[in-house]
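Student: Could you take me through the ligand site in this one, close up? I'd like to see what surrounds the ligand and how the site ties into the rest of the chain.

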Amino acid sequence: MTIFEEMNLPRNIAVIGGGASGFMAAITAKETNISSNVTIFEKTDKLLAKVKISGGGRCNVTNATYSLSKLIKSYPRGGKKLKKSFNIFNTKNTVTWFESKGVKLKTEEDNRIFPLSNNSESIVNILISTAEELAIRISLKSKVNKIQITKQGFILNINKEKLFFEKIIIASGGSAKSSGFEWISSLGYKIINPVPSLFTFNMPKNPITKLMGLSVSDVTVSIKGSSLKQTGPLLITHWGMSGPAILKLSSWGARDLADLNYDFTVQVNWLTLNEEIVREKIMKISSNKKIYNHNPFIIPKRLWLFILEKLEIPEDKIWRELSKKNKNRLINTLINDEYEIKGKTTFKEEFVSCGGISLSEVNMLTMGSKRHNGLYFAGELLDIDGVTGGFNFQAAWTTGYLAGKNSAS
Ligand SMILES: Cc1cc2nc3c(=O)[nH]c(=O)nc-3n(C[C@H](O)[C@H](O)[C@H](O)COP(=O)(O)OP(=O)(O)OC[C@H]3O[C@@H](n4cnc5c(N)ncnc54)[C@H](O)[C@@H]3O)c2cc1C
């Protein structure tokens, strides 16, 4: 029993970080134990800065994936371990949580969930006003530089002050560099080397970039020489390739692609069909129609013309006159088109970090540290990251909820 429990003192809980996971943790701690003293320390002068700019200013709060076995498949890192945590607080709970606080939400066709207002301020405002109503203390421009572990709790070095807390929740967000985690790794925690996730592919000066703005609704993209493969819409941009298929591939391949220094070959199957089907269709065509005007597949005309030009098939060539060799080249390009990738671009600056505090350090049912009693982790600083679609916030709400609940119980 700690001195606080013996003397029946209110729990002093510090939440480090005023982002999504920190607010969820602080609010849940106070709602769990109203007599606890909860303080959020935020190093900048802004609260919930990422929530505000998230989802293009609309905040994609979560995703309507209600089956847990499906939900965990949207997390390239941490999914399996998160299942335990999602059993307690999942997407359904997030929806109920916000709606119970008066924020109406809506689900879009692709399952992404946004505030009905289409404005992230609805989320920011409810988190701040709920914290204020609960008398949670908020200390801005308060950077925690160092944590000292004592028998009774934790001494935080904040700016030039030293403050004591019985429990602490670290919710300080991700970092693209391992130096960003030094103040935590110095406590002995294992850090999985962070690298960026969710980026688009650069193809400097590649002729395909002249198709910029073109969207192909269903392609399969893979990384040559690896088993990384994703299917979905692809967007051609002025710098290369983007769209959901590329973002998913960048997310699942975040670590491998960093190891390759973002210099690799992407293979595109423009049809998402296998070779036999495409071969059968192409080999059968023997009409007098011009190849340029007669595209037998569901792909945009601009792309079809681009492929034919790339293969140097003359504009007036008719299907009946296309040689077997050229038919084979066409089949190969349609299902296995290769592009050299040199570098990456962050998607609307919406990157998350892959890596962070190793989940082997954390009890996923409580978000409590396995090393130090009374220390909890929440949010993106953990080695958890999801694909786009509201999954990163869901991980922040879930881990924040568990850290808050268990720190105050
Ligand atoms: C532009 C953009 C758009 C996004 N859109 C979406 C979206 O629509 N849906 C989605 O699911 N995800 C989205 N994401 C990802 C999502 O924003 C993050 O995964 C989520 O914000 C993580 O929450 P967090 O609380 O863990 O960290 P953060 O939001 O990063 O908050 C951490 C806070 O801790 C503070 N801090 C750090 N170190 C200290 C310290 N030593 N002392 C005190 N304070 C400290 C930071 O200043 C920060 O305010 C987006 C990300 C970006 C960058």
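Tutor: Let's start at the ligand and work outwards from there.

Some ground rules: this is a predicted model, so local features need pLDDT of at least 70 and side-chain atom pairs count only at pLDDT 80 or more, while totals for chains, interfaces and linings use all residues. Residues are numbered from 1 along each chain as its sequence is written, and side-chain values use heavy atoms, with hydrogens and water left out.

Now the shell. Counting a residue as near when one of its heavy atoms lies within 4 Å of the molecule, you get 32 residues around the ligand. The closest are Ser 21, Glu 42, Val 144, Glu 380 and Phe 393. By type, the shell splits into eleven nonpolar, 14 polar and seven charged residues. The bookkeeping there puts Ala, Val, Leu, Ile, Met, Phe, Trp, Tyr, Cys and Pro under nonpolar, Asp, Glu, Lys and Arg under charged, and the others, Gly among them, under polar.

Where do these residues sit? Helices and strands here are DSSP runs numbered from the N terminus (H or I of at least four residues for a helix, E of at least two for a strand). Helix H2 (20-32), helix H3 (49-57) and helix H14 (391-408) each supply at least two shell residues. H3 gives the most, with four.

On to the polar contacts, meaning pairs of N or O atoms within 3.5 Å; within protein, one must be able to donate a hydrogen and the other to accept it, and residues adjacent in sequence count only if both atoms are side-chain atoms. Asn 60 uses a backbone N or O atom, 3.1 Å from a nitrogen atom of the ligand. Lys 50 has a polar side-chain atom 3.4 Å from a ligand oxygen, and Glu 380 has one 2.7 Å from an oxygen atom of the ligand. As for cover, the ligand taken alone exposes 1,000 Å², and the protein buries 92% of that. Those areas come from the Shrake-Rupley method with a 1.4 Å probe; for residues, only the protein chains shown count as cover.

Two of those contact residues also meet each other. Lys 50 forms a salt bridge with Glu 380, the closest N and O atoms being 3.8 Å apart; the criterion is a side-chain nitrogen of Lys or Arg within 4 Å of a carboxyl oxygen of Asp or Glu. Lys 50 is in helix H3 and Glu 380 in the loop between strand E22 (375-377) and H14, so the pair ties together parts that are 330 residues apart in sequence. Is Glu 380 buried or exposed? With 18% relative accessibility, Glu 380 counts as buried, since the label applies under 20%, with exposed over 50% and partly exposed in between (1.4 Å probe, protein chains only).

Stepping away from the ligand, the salt-bridge count comes to 16. Glu 338 and Lys 224 make one of them, at 3.2 Å from N to O. This pair links distant parts of the chain too: Glu 338 is in strand E17 (residues 337-342) and Lys 224 in the loop between strand E13 (215-223) and strand E14 (229-236), 114 residues apart. Glu 338 is partly exposed at 33%, and Lys 224 is partly exposed at 45%. Salt bridges with shared partners also join Arg 58, Lys 106, Glu 108, Asp 110 and Arg 112 into one network. Within that network, the side chains of Arg 112 and Glu 108 meet at 3.8 Å, N to O, and Arg 112 is partly exposed at 27%.

Asn 111 is worth a look for its backbone. Its phi is near 80°, a positive value in a residue other than glycine. Asn 111 lies in the loop between strand E4 (105-107) and strand E5 (112-115), and is partly exposed at 33%.

One more link across the sequence: the C-alpha atoms of Asn 93 and Thr 398 are 8.8 Å apart, although 305 residues separate them along the chain. Asn 93 sits in helix H6 (residues 91-100).

Zooming out, the protein chain has 14 helices and 22 strands. Its C-alpha atoms fill a box of roughly 90 × 40 × 35 Å along the principal axes. Of the 409 residues, 53% are buried.
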